[in-house]
Amino acid sequence: MYMAAGTTAVGPAPISWVRAAATTRRPFDGRRRRSSWRPESPARGAVGIHSARKVAQGARSTAMAADGEVKNIHTNDSTKTLLKNEALYEYMLNTMVYPRENEHLRELRHITEQHAYGFMLSPPEEEQLLSLLLKVMGARNTIEVGVFTGGSVLAAALAIPDDGRIVAIDVSREYYDLGRPVIEKAGVAHKVDFREGPALGHLDALLADEGNAGAFDFAFVDADKGNYGNYHEQLLRLVRVGGVIAYDNTLWGGSVAMPDDAPLTEKDREVREAIRAFNARIAADTRVEAVQLPVADGITLCRRVV
Ligand SMILES: C[S@@+](CC[C@H](N)C(=O)[O-])C[C@H]1O[C@@H](n2cnc3c(N)ncnc32)[C@H](O)[C@@H]1O
């Protein structure tokens, strides 16, 4: 996600970060979570794809038709995707995600949710997916492009071995400073090598050391979308053959499939075009085996094959 400009995220959350209770919906575990824009509400005009503003969502299909007829869940006329409405997402969170959420990740989530840009935090089901993936891979050395308060960094730090290392890059140390006490409390701060500044430069610096070629098992990219293609080229040299690069937000709130003239903000339109171009590029990239997951805001996993 793009960096929120002009923020001063240092120390305990100032009152300006704290959303007025009247405007904050707390649907599940009493905490605010990532909201989403839906094309079903065009009358609302250009709503930010990712914002704290909650937009009504229309369920796309139900087993019970309006006339009361009970229909098969799967038919040739239905699309085979599961997350059809918020109730299903709520069910998933309450039955599987929240009960299994690591206590430190939960604390960091709760702290981050008070931040004006708290929606930038990866949701817990995404953290759990990446954590499991890292463990399955036996990953030791990883890269994070886009740290924010450190949610995905903490998930990775908890998943890799004690001598593992995460090169964590963000233009803002202020965000990371907000989450770092939780990472320390979790006992995994020694695995995090935080580097402040634009990621392109830091990745180039890593590449300047030949010893880093193919030295990383995994990378998670969750920063400026316009540079995803550039990060891909850099990371393909840093991540080993057989390693995985994961890209976040590759469905950008569903906007990639919306009509070109859908009412989007200028920023969302710009990001959507960047994501569309990136997705097309990955689809044609024979250097990776790629899969698009409709998890969270869309995650693309690329396994380096050459
Ligand atoms: C969506 S947030 C990252 C969220 C984090 N991965 C998580 O799971 O909670 C995006 C972050 O990318 C950072 N960012 C934006 N542009 C960047 C750039 N060019 N280089 C490095 N970091 C950047 C922003 O400061 C922001 O903290």
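**Group meeting: sheet and core of a predicted model**

Let's start inside the sheet. Strand 1, residues 141-145, pairs with strand 2, residues 165-170. The pairing is parallel, over 5 bridges. One pair to click on: Glu144 has Ala168 in strand 2 as its bridge partner. Now the helix next door. Helix 7, residues 228-238, packs on the sheet. Helix 7 touches strand 1, strand 4 (216-221), strand 5 and strand 7. Its direction makes about 155° with that of strand 5.

A caution before going on: this is a predicted model.

Next, the overall count. The protein chain has 8 helices and 7 strands. Of its 306 residues, 36% are buried. Take the contacts with a separation of 6 or more: 71% of them join residues 24 or more positions apart.

Back to the sheet as a whole. The sheet is open, has 7 strands, and mixes its pairing. Read the order as 3-2-1-4-5-7-6. Strand 3 (192-196) and strand 6 are the edges, each pairing on one side only. From one strand to the next, the twist averages 15°.

A reminder for the pairing terms: strands of a sheet pair through backbone hydrogen bonds, either parallel or antiparallel.

Now look at strand 7. Which strands does strand 7 pair with? On one side there is strand 5, residues 239-248, running antiparallel and joined by 5 bridges. Ala246 has Leu301 of strand 7 as its bridge partner. There is also strand 6, residues 288-293, again antiparallel, over 6 bridges. There, Leu293 stands opposite Ile299. Strands 6 and 7 form a hairpin, with 5 residues between them. In that turn, Ala296 has a positive phi of about 55°.

Why is strand 7 largely enclosed by the rest of the structure? Because 5 of its 6 residues, in the run 299-304, are buried.

Last topic, the core. The largest nonpolar core has 59 residues. Which members touch the most others? Ala156, Ala157, Ala219, Val221, Ile245 and Ala246. Helix 4, residues 151-159, supplies the largest share of this core, with 6 residues. Ala246 we have met already, as the partner of Leu301.

Zoom in on Ala157. Set aside its neighbours within four places in sequence. Ala157 is then in contact with Ile166, Ile183, Val188, Lys191 and Val192.

To close, two things to keep on screen. One is the strand order, 3-2-1-4-5-7-6. The other is strand 7, with 5 of its 6 residues buried.

Conventions:
Residues numbered from 1 in each chain as written. Predicted model: local features only at pLDDT ≥ 70, side-chain atom pairs only at ≥ 80, totals over all residues. Core = buried A, V, L, I, M, F, W, Y, C linked by C-beta atoms within 7 Å. Buried ≥ 20, exposed ≤ 12 C-beta atoms within 10 Å, placed from the backbone. Helix = DSSP H or I, 4+ residues; strand = E, 2+ residues; numbered from the N terminus. Contact = placed C-beta atoms within 7 Å. Pairing = 2+ DSSP bridges. Axes fitted to C-alpha atoms, helices over the stretch in contact; angles between N-to-C directions.
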